[in-house]
Amino acid sequence: MTLCGACAPTAAPAEKSKEPVAAQVTPTATPSPAPSPTPSDAEEPLPDQQLHAGVVGDGVPATLGGTGPAVVGFTRQGDIAVVVDLDCSACQGPVEVTQPDRSSPWGEGVAPFRGAYLVDIFKDTAPEQVVVVRAEGSWTVTLQSWNDLAPVTGAQQGTGSTVLFLGDTASGIQVTYTPAGPDDRFSGRAFSAVEVGPTGPESVLFGDDAAFTETYELAFPGVLAITTDGTWAVTPVP
């Protein structure tokens, strides 16, 4: 999946199988919804601990273990989006995973905590990137290209933040969401890996802070990034 700003997708549809998909995805330059920054968001300094996970590219994942708050650097190889999976199941207290200058974190919660997030989806960003982990205790972060996500087919369900490659040929998805609590919300970002022509959507951005069941039109196969603490179900629509 190649990032190319607002240009049209160029990939053919993936076969409905469990073979790795090498399609190209063209996200539009629309950021994910985020709450307005608070003074504490803007003023919180970066951790002193500096780590480096290495190179991340197609077929080249990186895994790094650490303890306590840290800035985790990595080198993006090629125009790819990167999936960051933070396993903080051995941590204690509040957990946050973010990047510098964001108005809100990619994910936050209370340990034990785990979540996967799609970051750096725009072309022409610098190869050298960082992810900020704020946590107490031991954690592991895994970074991989979105091209290396194993495709899944059929209805999917789960709890918490994740990134999926939906391998079915479909015209859209039906999404059901149940919040984890009054402060929870759902943010979804879907990117088509299908040649849809000049009038077809390349991506869909959606979300809510209340329970819902909605259908969103987008040609699949494609990537779906879910950010929430709540429970969700996703069903391909023929």
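In this predicted model, the torsion about the S-S bond of Cys-88 and Cys-91 comes to about -85°, so the disulfide is left-handed. The two sulfur atoms lie 1.8 Å apart, and the structure holds 1 disulfide in total. Both ends of the bond are tucked away from the surface: Cys-88 is buried, as is Cys-91.

Cys-88 leads conveniently into strand S4, which spans residues 82–88. Of the 7 residues in S4, 5 are buried, so the strand is largely enclosed by the rest of the structure. Two pairings of S4 can be described here. With strand S7 (residues 113–119), S4 runs antiparallel and is joined by 7 bridges; within this pairing, Val-82 has Val-119 as its bridge partner. With S8, the sense is again antiparallel, and 6 bridges are found. On that side, Asp-85 of S4 stands opposite Thr-142.

Leu-86 offers a helpful view of the packing around these strands. Leaving aside residues up to four places away in sequence, Leu-86 touches Val-95, Val-97, Phe-113, Arg-114, Gly-115, Val-133, Trp-139, Thr-140 and Val-141. Leu-86 also belongs to the largest nonpolar core, a set of 39 residues, where it ranks among those with the most contacts inside the core, together with Leu-118, Trp-139, Leu-143 and Trp-146. Strand S8 supplies the largest share of this core, namely 6 residues. Apart from it lies another core, this one of 18 residues, including Leu-164, Phe-186, Ala-190 and Val-204.

Strand S8, which covers residues 128–145, also carries a charged residue worth a closer look, Arg-134. With a relative accessibility of 15%, Arg-134 falls under the 20% cut-off and therefore counts as buried. What, then, do the polar contacts of its side chain look like? One of them, at 3.2 Å, links the side chain of Arg-134 to that of Glu-44. Another, at 2.6 Å, connects the side chains of Arg-134 and Glu-96. Both glutamates reappear in the wider surroundings of Arg-134: with residues up to four places away in sequence set aside, Arg-134 touches Glu-44, Pro-45, Leu-46, Pro-47, Pro-69, Pro-94, Val-95, Glu-96 and Thr-98. Val-95 in this list is also touched by Leu-86, which ties the surroundings of Arg-134 back to the packing described above.

How values were computed
Residues are numbered from 1 along each chain as its sequence is written. This is a predicted model: local features need pLDDT of at least 70, side-chain atom pairs count only at pLDDT 80 or more; totals for chains, interfaces and linings use all residues. Side-chain values use heavy atoms; hydrogens and water are left out. Helices (H or I, at least four residues) and strands (E, at least two) are DSSP runs, numbered from the N terminus. Buried means under 20% relative accessible area, exposed over 50%, partly exposed in between (1.4 Å probe, protein chains only). A polar contact is a pair of N or O atoms within 3.5 Å; within protein, one must be able to donate a hydrogen and the other to accept it, and residues adjacent in sequence count only if both atoms are side-chain atoms. Contact means heavy atoms within 4.5 Å. A nonpolar core is a set of buried Ala, Val, Leu, Ile, Met, Phe, Trp, Tyr and Cys residues joined through side-chain atoms within 4.5 Å. A disulfide is a pair of cysteine sulfur atoms within 2.5 Å. Two strands pair if DSSP finds at least two bridges between them.
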